[in-house]
Amino acid sequence: MEESAKRKISVEVAGITMSLITDESEEFVNSVIKRVSGDMSALMNKGAKRSALEAAVMCAIGYCADKMTAEKKVRNLEAQVSLYEASTKRLKEDIAELKSTASVKKSETSDSVSLSVTDEDESKSVEEEDECQIKIDDGMPTPDPKEKIRQIEELLRRGKA
């Protein structure tokens with residue numbers, strides 16, 4: 001929000017005229033007043049006719065409950081984002097380790113491993129990136145780095161959703 005001077009404005013809420021001091025835009029103030037006035041009018045016109053004071057208190061309780069619920073959701077989302085950030089960091093470290101491991105040449109054989117993965121566009125799969133070529137034939141079973149990278153990319157994509 002831009003820094004603006006506070007000003008005094010006159011508003012009408014459910015038939016009650018009052019003055020407010022605000023630095024919010026006129027559009028925002030009008031939307032708030034319209035909502036509060038509508039909610040109060042609805043409460044005052046229901047079967048058990050309520051006074052403006054009772055309607056205002058009921059609206060305040062409802063708005064406070066909504067605010068507290070929203071704050072709880074924000075705290076939960078912030079905690080979830082922190083977990084995703086930690087997971088992403090760990091997965092990026094795993095990718096770096098896999099790249100390093102995959103690029104090491106076997107000194108005993110002439111076979112080599114080359115692997116290319118970029119972090120910039122995680123929506124692309126390994127196949128869309130530079131082709132992975134894996135050639136190791138030393139008789140030892142080798143974990144499939146291509147499959148592990150696919151799994152890591154999938155986890156990263158889920159973390160962004």
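User: Taking contact to mean heavy atoms within 4.5 Å, which residues is Leu43 in contact with, leaving aside its neighbours within four places in sequence?

Analyst: The model is predicted. Leu43 belongs to helix H1. Once neighbours within four places in sequence are set aside, its contacts are Arg50, Ala55, Met58 and Cys59.

User: Is Leu43 buried or exposed?

Analyst: A residue counts as buried under 20% relative accessible area and as exposed over 50%. The relative accessible area of Leu43 is 16%, so the residue falls in the class called buried.

User: How far apart in space are the C-alpha atoms of Leu43 and Ala56?

Analyst: Leu43 is in H1, and Ala56 is one of the H2 residues that H1 meets. Along the chain the two are 13 residues apart, and the separation of their C-alpha atoms is 8.9 Å.

User: At what angle do the axes of H1 and H2 cross?

Analyst: Two packed helices are described by the angle between their axes and the distance between the axes. For H1 (residues 26-44) and H2 (residues 52-103), the axes come within 9 Å. Their crossing angle is roughly 125°.

User: Which word describes H1 relative to H2, parallel, antiparallel, perpendicular or oblique?

Analyst: The axes cross at roughly 125°. Roughly perpendicular covers 65 to 115 degrees, and roughly antiparallel begins over 145. The angle lies in neither range, and therefore H1 is, relative to H2, oblique.

User: What is the handedness of the crossing in which H1 passes H2?

Analyst: The crossing concerns H1, residues 26-44, and H2, residues 52-103. As H1 passes H2, the crossing is right-handed.

User: How do the residues of the contact of H1 with H2 divide into nonpolar, polar and charged?

Analyst: From H1 come Arg35, Val36, Asp39, Met40, Leu43 and Met44. These meet Ala52, Ala55, Ala56, Met58, Cys59, Tyr63 and Asp66 in H2. The division is 10 nonpolar, no polar and 3 charged.

User: Leaving aside its neighbours within four places in sequence, which residues is Val36 in contact with?

Analyst: Val36 is placed in helix H1. From Val36 to Cys59, 23 residues away in sequence, the C-alpha to C-alpha distance is 7.4 Å. With neighbours within four places left aside, the contacts of Val36 are Val13 and Tyr63.

User: How far apart are the C-alpha atoms of Ile95 and Lys148?

Analyst: Ile95 is a residue of helix H2. With a relative accessible area of 2%, Ile95 is buried because the cut-off is under 20%. Lys148 is 53 residues from Ile95 along the chain, and their C-alpha atoms are separated by 8.9 Å.

User: Which residue other than glycine has a positive phi near 50°?

Analyst: Most residues other than glycine have a negative phi. The residue in question sits in the loop between strand S1 (7-13) and strand S2 (16-22). Its relative accessible area is 14%, and it is buried. The residue with phi near 50° is Ala14.

User: What pattern does the chain follow, read along the sequence?

Analyst: The chain contains 3 helices and 4 strands. In sequence order they give β-β-α-α-β-β-α.

User: What share of the residues in the chain is buried?

Analyst: The chain exposes about 12,100 Å², with carbon and sulfur atoms supplying 54% of that area. The chain has 161 residues, and the buried share is 17%.

How values were computed: Residues numbered from 1 in each chain as written. Predicted model: local features only at pLDDT ≥ 70, side-chain atom pairs only at ≥ 80, totals over all residues. Heavy atoms only, no water. Axes fitted to C-alpha atoms, helices over the stretch in contact; angles between N-to-C directions. Helix = DSSP H or I, 4+ residues; strand = E, 2+ residues; numbered from the N terminus. Parallel < 35°, antiparallel > 145°, perpendicular 65-115°, else oblique. Left-handed = near helix turned anticlockwise from the far one by under 90°. Contact = heavy atoms within 4.5 Å. Nonpolar A, V, L, I, M, F, W, Y, C, P; charged D, E, K, R; others polar. Buried < 20%, exposed > 50% of the residue type's maximum accessible area, 1.4 Å probe, protein only. Areas by Shrake-Rupley, 256 points an atom, 1.4 Å probe, with all protein chains shown as cover.
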